[in-house]
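Reader: I am new to this structure and would like the terms justified as we go. Please set each value against its cut-off.

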Amino acid sequence: MDKNDTYILERQVGFVMRRAVQRHIAIFSALIPEMTPTQFAALAKLCELGQASQNELGRLTSMDVATIKGVVDRLRARELITSAPLESDKRRLMLAPTRKGRAMYRKYAAQATEVSRQTLAPLDDEEQRQLMQLLERIIWENVCLDPDKPMQKIGIVTQRRCADRIMAAAVLEKHHTVGDRQHRIDALLNQQDGDAAITQR
């Protein structure tokens, strides 16, 4: 290797984050063997909301169109969720947890919290808080790097969504925490699903 070559794989953020995610997934699989992390995330969010369109569920769980479709198909095949047309708009398909799905969520909710605890166990409370804040900062600062250039999808965030978030963030910038701001922006963006939600079935 050239002595001037400064790229060392093990020192790259992507490599380190991938290793951390591998640790998290291993813990998750040991504690919740019946579901994948994405399946549990989707089911948990549906149990929280009561119902949601596939488009909305994908956005709220940070899954792209292909991923959320696969997750929804598997949850539906296991009879953990159902789908039905919205009464006020038959073109829009809404998802909801079944009784079996809610029971599955209740069975593993405590273990899911334990997954997070074990994943972060090497850090003390203050380090855990700082890590979460720094990760949230990276997410928010890198969604839209240059609004003047065309942007490919970053997960489920399209260029239009990017602009929506910038405007919403400007309105809500006085909120104290990133988590609170994201929750409130998501609430605003829920009102903008419109035709986009109709196409996600």
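Reader: Where do K69 and D73 lie, and how many residues apart are they?

Author: This is a predicted model. In it, K69 and D73 are both in helix 4 (residues 65-77), four residues apart, which is about one turn of the helix.

Reader: What makes the pair K69 and D73 a salt bridge?

Author: The cut-off is 4 Å between a side-chain nitrogen of Lys or Arg and a carboxyl oxygen of Asp or Glu. For K69 and D73 the N to O distance is 3.0 Å, so the pair counts as a salt bridge. The two residues are also part of a network of salt bridges that includes R76.

Reader: Why are K69 and D73 called partly exposed?

Author: Partly exposed is the range between under 20% (buried) and over 50% (exposed). K69 has a relative accessibility of 41%, so it falls in that range. D73, at 29%, falls there too.

Reader: How many salt bridges does a search of the whole structure find?

Author: The search finds six. One of them joins E34 and K107, with the closest N and O atoms 2.6 Å apart.

Reader: What does the pair E34 and K107 tie together?

Author: E34 is in the loop between helix 1 (13-31) and helix 2 (37-49), while K107 is in helix 5 (residues 99-119), so the salt bridge ties together parts that are 73 residues apart in sequence. E34 is partly exposed at 33% relative accessibility, and K107 is partly exposed at 46%.

Reader: How do you know that K45 and E48 form a salt bridge, and how are they placed in helix 2?

Author: Their closest N and O atoms are 3.0 Å apart, and the limit is 4 Å. K45 and E48 are three residues apart in helix 2, separated by about one helical turn. E48 has 55% relative accessibility, and over 50% is the mark for exposed, so E48 counts as exposed. K45, by contrast, is among the buried residues of helix 2.

Reader: Which other residues of helix 2 are buried?

Author: They are Q39, F40, A42, L43, A44, L46 and C47.

Reader: How do you know that the length of helix 2 agrees with what is expected?

Author: Helix 2 has 13 residues and at 1.5 Å a residue should span 18 Å; its end C-alpha atoms are 18 Å apart, so the two values agree. Just after helix 2, G50 has a positive phi of about 95°.

Reader: Which residues other than glycine have a positive phi?

Author: S62 is one of them, with phi near 55°, and E79 is another, with phi near 60°. S62 is in the loop between helix 3 (54-60) and helix 4. E79 is in the loop between helix 4 and strand 2 (81-86).

Reader: Why do S62 and E79 count as exposed?

Author: The cut-off is over 50%. S62 is at 61%, so it counts as exposed, and E79 passes the cut-off at 53%.

Reader: How many residues has the largest nonpolar core, and which element gives the most?

Author: The core has 24 residues; those with the most contacts inside it are I32, M35, F40, A42, L57, L75 and I81. Helix 1, helix 2, helix 4 and helix 5 each give two or more residues, and helix 2 gives the most, with six. In soluble globular proteins, nonpolar side chains tend to be buried together.

Reader: What is I32 in contact with, leaving aside its neighbours within four places in sequence?

Author: I32 is in contact with Y108, Q111, A112 and V115.

How values were computed. Residues are numbered from 1 along each chain as its sequence is written. This is a predicted model: local features need pLDDT of at least 70, side-chain atom pairs count only at pLDDT 80 or more; totals for chains, interfaces and linings use all residues. Side-chain values use heavy atoms; hydrogens and water are left out. Buried means under 20% relative accessible area, exposed over 50%, partly exposed in between (1.4 Å probe, protein chains only). The expected span of a helix is 1.5 Å times one less than its number of residues. A nonpolar core is a set of buried Ala, Val, Leu, Ile, Met, Phe, Trp, Tyr and Cys residues joined through side-chain atoms within 4.5 Å. Contact means heavy atoms within 4.5 Å.
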